[in-house]
Amino acid sequence: MPTEREKMLAGDLYDPLDEELVHSRERARDLCQALNATREGEADERRRILRDLFAAGGDSVWMQPPFFCDYGTNIQLGERVFFNFNCVVLDVCRVKIGDFTLFGPAVQIYTAMHPFDAALRRKEEFGRLVTIGSDVWVGGGALILPGVQIGSRSVIGAGSVVTRDVPEGVFAAGNPCRVIRELDDGSPLAGA
């Protein structure tokens, strides 16, 4: 029989009050609190915390605290990912982020979902994987919802609510987020 953690990572209904999961969330919150309490001059301490927090990418992530997440161990970062101030990642399922992806301030990534049935919602929840490619730029205040995939080299406009997949190499924005146009990779100011 699968554990609650295994069910959670598989996207199945699971009990969020499972003792192992509660302990894992407490660990992540303690690490986030320690990270958020560091000062700019404490780069070595920040790096140590980031290595402990993330499943991958803690060695090269550029993090501007405060930052908050549920588990951390379900977040897999590529090389040199950047999080600006006040980002939140609810990582009950895996969150995979490619190399050189940038997140503006107050971006939120959600994998957590709750059943529509109220009785079921009282005791179980589930999640959906979020995958973000390489060289993506997500503007400040954007929300990326459960199950979404964003293709490499795309730009998500500030304040967007990303409810469905976004292909590679496009500018997408709005609520709900939709493709506005393709990006021209030939110009360094293609979006200007």
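**Note on a predicted model: sheets, a helix face, rings and cysteines**

1. In strand E3, Leu77 has Ile97 of strand E6 opposite to it, where strands are DSSP runs of at least two residues (E) and helices are runs of at least four (H or I), numbered from the N terminus. E3 and E6 (residues 95–97) run parallel and are joined by 3 bridges. This is a predicted model, in which local features need pLDDT of at least 70 and side-chain atom pairs count only at pLDDT 80 or more, while totals for chains, interfaces and linings use all residues. Residues are numbered from 1 along each chain as its sequence is written, and side-chain values use heavy atoms, with hydrogens and water left out.

2. The strands E3 and E6 belong to an open sheet of 4 strands, with the order E3-E6-E11-E14 and parallel pairing. At its edges stand strand E3 (75–77) and strand E14 (149–150), each of which pairs on one side only. Two strands are said to pair if DSSP finds at least two bridges between them. As background for the reader, strands of a sheet pair through backbone hydrogen bonds, either parallel or antiparallel.

3. Another open sheet has 5 strands in the order E2-E5-E8-E13-E16, again with parallel pairing. Because E2 and strand E16 (161–162) each have a single partner strand, they stand at the edges, and one side of each is left without a neighbour in the sheet. E2 is joined to strand E5 (residues 87–90) by 3 bridges, and the two run parallel; here Phe68 stands opposite Val88 in E5. From E5, 3 bridges also lead to strand E8 (residues 108–110), which runs parallel to E5, and Leu90 has Tyr110 in E8 as its bridge partner.

4. Which residues of helix H3 are buried? In H3 (residues 43–53) they are Arg46, Ile49, Leu50 and Leu53, where buried means under 20% relative accessible area, exposed means over 50%, and partly exposed lies in between (1.4 Å probe, protein chains only). Seen down the axis of H3, these buried residues fall within an arc of 100 degrees, so they line one face of the helix; the arc is that of the directions from the helix axis to the C-beta atoms. What covers them includes H2, E1 and E2.

5. Leu35 helps to follow the surroundings of that helix, and its own place is in helix H2 (residues 19–37). With a relative accessible area of 0%, Leu35 is buried. Not counting residues up to four places away in sequence, Leu35 touches Arg46, Ile49, Leu50, Met63, Pro65 and Phe67, where contact means heavy atoms within 4.5 Å. The C-alpha atoms of Leu35 and Asn84 are separated by 14 Å, and these residues are 49 residues apart along the chain.

6. Gln64 deserves a careful look, as it lies in the loop between strand E1 (62–63) and strand E2 (67–69). Is Gln64 buried or exposed? Its relative accessibility is 15%, and therefore Gln64 counts as buried. The side chain of Gln64 makes a polar contact with the side chain of Glu40, at 3.0 Å; such a contact is a pair of N or O atoms within 3.5 Å, and within protein one must be able to donate a hydrogen and the other to accept it, with residues adjacent in sequence counting only if both atoms are side-chain atoms. Leaving aside neighbours within four places in sequence, Gln64 is in contact with Glu40, Arg46, Phe83, Asn84, Phe85 and Asn86.

7. A search of the whole structure finds 4 aromatic pairs. Rings of Phe, Tyr and Trp (its six-membered ring) pair if their centres lie within 6.5 Å, and planes under 30 degrees apart count as stacked, over 60 as edge-to-face and the rest as tilted. The pair of Phe83 and Phe103 is stacked, because the ring centres are 4.8 Å apart and the planes stand at 10 degrees. This pair links distant parts of the chain, with Phe83 in strand E4 (residues 82–83) and Phe103 in strand E7 (residues 102–103), 20 residues apart. Phe83 is buried, at a relative accessible area of 1%, and Phe103 is buried at 1%. Ring pairs link Phe54, Phe67, Phe83 and Phe103 into a cluster.

8. Finally, the structure holds 0 disulfides, a disulfide being a pair of cysteine sulfur atoms within 2.5 Å. The sulfur of Cys93 has its closest cysteine sulfur in Cys69, 15 Å away, which is too far for a bond, and Cys93 counts as buried at 3% relative accessibility. For Cys177 the closest cysteine sulfur is in Cys87, at 16 Å, again too far for a bond, and Cys177 is buried with a relative accessible area of 4%.
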